[in-house]
Amino acid sequence: MATTVRRRLVGKDIECEIASETASETATSREPSPDNQQREVTSIFKVIHKRPKTRRRKTTAIFLLGSLFGIIAAGFFAKSNDLIDLPLPELKELSVDSLFEVLPAGFVKEMRDLMNGERDLIESDDAFSVGMKMRAEGLSADHPIVMIPGVISTGLESWSTSELSLPYFRKRLWGSWTMMRALVMDKEAWKRHIMLDKTTGLDPPGIKLRAAQGFDATDFFITGYWIWNKILENLASLGYDPTNSYTAAYDWRLAYANLEVRDHYFSRLKSYIEQAVFIHKKKVVLTSHSMGSQVLFYFFHWVASEKGGQGGQDWVERHVDSWINISGCMLGAVKDVTAILSGEMRDTAQMNAFAVYGLEKFLSKEERAEIFRAMPGISSMLPMGGNAVWGELDWAPDDQPGQGHSYGSLLNFRAGQNVSTTPDRNFTIEDAMDYILDTTDDWYRDQVKGSYSHGVAKTRAEVEANENDPRKWINPLETRLPLAPSLKVYCFYGVGKPTERAYFYRAPDPGTATHLKMTIDTTLTQGHIDHGVILGEGDGTVNLMSLGYMCNKGWKMKRYNPAGSKITVVEMPHEPERFNPRGGPNTADHVDILGRQNLNEYILRVAAGRGDTIEDFIASNILEYVEKVQIYEE
C-alpha cells in the first residue's frame with residue numbers, strides 16, 4: 001500500500017517546505033479521507049514560524065499543571081496584598097459564580113464564551129454527525145472498545161476521612177471547579193493532597209486520592225472543556241454503550257508499577273478485556289491517547305509476564321484485535337525535562353510579565369518543580385533513546401539544512417552570563433537527564449531509577465532479556481511489541497504545530513529565594529529564540545520524533561516487532577479554524593485532536609471492523625528524520 005507524502009503544509013502557526021519523495025506520481029497535497037486513503041544567533045529553521053495577527057496563540061491547556069496555572073494565575077493574586085488589596089470575606093463560601101467574580105473580567109468572558117460555545121455544540125446535532133455518517137454507510141458496533149486516557153485527563157477525587165480531607169470527600173481535587181476553589185482558598189491543603197509520598201510514591205499519611213471511574217472520569221476536564229466526550233458521542237451513534245465500551249481511567253500521578261501495587265489497575269483492565277471477549281465473542285479494540293499509550297505498552301508486557309498478569313505470551317493475540325495509538329508520546333516529551341528541572345515550560349515562559357508576577361507570588365517555579373517531581377507518573381515522559389534519538393551538541397536527526405544551532409543542544413547557556421550555579425557547557429538530552437538525577441533529592445532519583453529506563457537495546461537477545469525487567473516495560477526501544485501477528489497498530493497523530501525542542505537557561509535572579517540552580521532565560525528573544533524557548537516540529541506538546549519514530553521505523557525492525565504486527569500511520573496536519581477556541585474539525589493539537597473529525601471517523605472504522613480501509617498518510621519529514629536516528633538493525 002503506497003504511502004502518500006505531502007509536499008507543502010501551511011497551518012495557523014507554521015509553514016513547512018517538505019522535500020520528501022512521494023511513493024506515487026498521483027500524490028496530492030490533501031490528506032486522504034478514510035474512504036480512500038537574527039543577528040548573533042542564526043535562524044535554525046527551514047520551518048518558518050508565523051505569529052497569528054488576530055488571534056493569540058492558544059497554549060497547551062492540559063499538559064501537566066503549567067497551563068492550568070497559567071490560565072488561572074491572574075486570579076490568584078486577588079488574595080495577595082502585594083498586588084491588589086480587596087476585601088474578600090465571601091471567599092470562604094466560594095462557588096463557581098463567586099470565583100468568576102474575583103477573576104479578571106477578560107478571563108471570565110473568555111471562559112464563559114468557551115464553555116457556552118462548547119455547550120451549544122454539545123447540544124447540537126453536529127456533535128453526533130461523524131457517528132451518524134458512519135452509521136449511514138452501514139457501519140455498526142463490532143469490537144468491544146476500551147479507552148485509556150492521557151496524562152492529567154482523569155479526574156482525581158478524595159476518599160479520605162481524615163480531618164484535613166473531610167471537606168473534600170468524594171469531590172474532585174483534580175479536574176473540577178472544586179480544584180479551582182481549593183487552589184484559591186486552601187493551596188497548602190491542595191498541595192498535600194495532590195503530591196504523593198516522596199519516599200513510597202504512594203498515598204501520604206491521611207490522604208487518599210483516587211481516579212474517578214466511568215465515562216465521567218474523562219469526558220470533560222471542567223464544565224465545557226471536553227476531552228473524550230466527542231469520541232463517546234460518535235461511538236454512541238454507532239451503537240456503543242456501557243455494555244460494549246469502557247474507559248480505563250487511572251491515577252496518572254503514580255509510577256506504572258504502583259498502578260498495580262495500589263489500585264490493581266492492570267489486573268482490573270485484564271479482567272475487563274477477558275470478560276468483554278467472552279461476552280461478545282470478539283477481540284477488543286484498545287484506544288489510547290498521549291501518556292495512555294505508554295501505559296498500554298507497559299500493560300502489554302505486564303499481562304504476558306510471569307511477574308505480572310501471567311497471561312502468557314499469546315494473551316494479546318487471543319484478546320486484542322487492534323491498538324489505536326493517538327498522539328502517543330512513545331519516546332517521551334522534551335517539555336517534561338524543563339517541568340522537572342525548573343517547573344517551567346513554553347506555556348509559563350511565554351506568559352506576559354503581569355501574569356508571571358501573579359503566578360510566582362502564588363505558586364513559584366520551585367513549588368511547581370516539587371509538585372511535578374512528587375508525581376512519578378509525570379517522569380514517565382522524560383525522553384527515551386538518549387542522544388541516538390535526540391542528537392548531539394552539533395547534530396540531531398530533525399535538524400534542518402543550513403541550521404546554525406542544533407536541536408541536539410537541548411539546554412543552552414549564554415557565554416558571559418553563567419555563574420557558579422549553572423554549567424559551563426551546553427547539554428544534550430543525556431547530559432540533561434544526568435544533571436537532573438545528580439542535582440535532585442535522593443527520593444526523586446530513587447523513584448525514577450527504580451521505575452523507568454531510557455536506553456536503547458541493540459540486539460534481539462537484549463530485548464528478550466528485558467521482558468523480565470519491569471523497569472524496561474515502558475520503553476519501546478528496550479522492549480518489543482507483543483507476540484501477536486494478527487495485532488493491528490494504528491498510529492494517528494498531529495503535525496505542523498510548533499513544539500518546544502530546546503531551551504536557553506540562566507541562573508536565577510540575584511536575591512531570589514529559591515533552591516533552583518537554573519531557570520529558563522525568558523529575557524532572551526532573538527531570531528528563532530522566543531523567551532528562551534526554541535521551537536521544532538510536533539503537535540504543540542509532544543515532539544515529532546516521539547510521535548513518529550516507533551511507528552515509522554522502530555516497529556519496522558525485527559527485534560522491536562518480532563511477530564510482524566501491521567503498523568498503519570496517519571499524520572494529521574494542524575489546520576485550525578481561526579475563531580474556534582478549540583481549533584475546529586481539522587485541529588491537530590495534542591488534546592484537541594480528540595475532537596478532530598477524521599480521527600473520529602478512523603476510530604469508528606476500526607471499532608466497526610473496517611480498519612483495513614485506512615491507508616498510510618505522511619505529511620511531515622518524519623521518514624527522512626527516522627533514517628538519521630542512530631539506531632540500527634542487527
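**Asp438.** I looked up Asp438 and found it exposed, because its relative accessibility is 63% and the cut-off for exposed is over 50%. The model is a predicted one. I placed Asp438 in helix H17, which covers residues 429-439. I then checked which residues share a patch with Asp438. The patch is negative and lies on the surface, and it is formed by Asp438 together with Glu392, Asp394, Glu430 and Asp434.

**Asp442.** I moved on to helix H18, residues 442-451, where Asp442 lies. Is Asp442 exposed, partly exposed or buried? I noted a relative accessible area of 48%, so Asp442 is partly exposed. I also looked at Asp442 against Thr199. Along the chain the two are 243 residues apart. Their C-alpha atoms are separated by 9.2 Å.

**Arg506.** I went to strand S14, residues 499-506, and found Arg506 there. Arg506 counts as buried because its relative accessibility is 15%, and buried means under 20%. Which side chain does the side chain of Arg506 contact? I found Asp521: the two side chains make a polar contact at 3.4 Å.

**Helix H5.** I read H5 as residues 177-185. I looked for its buried residues and listed Trp177, Met179, Met180, Ala182, Leu183 and Val184. I also checked the start of H5. There, a side-chain oxygen of Ser176 comes to within 3.1 Å of the backbone nitrogen of Thr178.

**Helix H21.** I turned to H21, residues 597-607. How many of its eleven residues are buried? I counted ten, and the helix is mostly covered. Charged residues appear in the buried list: Glu601 and Arg605 are both on it. The list also includes Asn598, Leu599, Asn600, Tyr602 and Ile603. Leu604, Val606 and Ala607 complete it. After H21 I came to Gly609, and its phi is positive, near 80°.

**Whole protein.** I closed with the totals. How many helices and strands does the protein have? I noted 22 helices and 19 strands. Of the 634 residues, 62% count as buried. The protein exposes about 23900 Å². Carbon and sulfur atoms supply 50% of that exposed area.

Conventions: Residues are numbered from 1 along each chain as its sequence is written. This is a predicted model: local features need pLDDT of at least 70, side-chain atom pairs count only at pLDDT 80 or more; totals for chains, interfaces and linings use all residues. Side-chain values use heavy atoms; hydrogens and water are left out. Patches are made of residues with over 30% relative accessible area and no salt bridge: like charges are joined within 9 Å, nonpolar side chains (Val, Leu, Ile, Met, Phe, Trp, Tyr) within 5 Å. Accessible areas come from the Shrake-Rupley method with a 1.4 Å probe; for residues, only the protein chains shown count as cover. A salt bridge is a side-chain nitrogen of Lys or Arg within 4 Å of a carboxyl oxygen of Asp or Glu. Lys and Arg count as positive and Asp and Glu as negative; His and the chain ends are not counted. The place of a charge is taken as NZ of Lys, CZ of Arg, CG of Asp or CD of Glu. Helices (H or I, at least four residues) and strands (E, at least two) are DSSP runs, numbered from the N terminus. Buried means under 20% relative accessible area, exposed over 50%, partly exposed in between (1.4 Å probe, protein chains only). A polar contact is a pair of N or O atoms within 3.5 Å; within protein, one must be able to donate a hydrogen and the other to accept it, and residues adjacent in sequence count only if both atoms are side-chain atoms.
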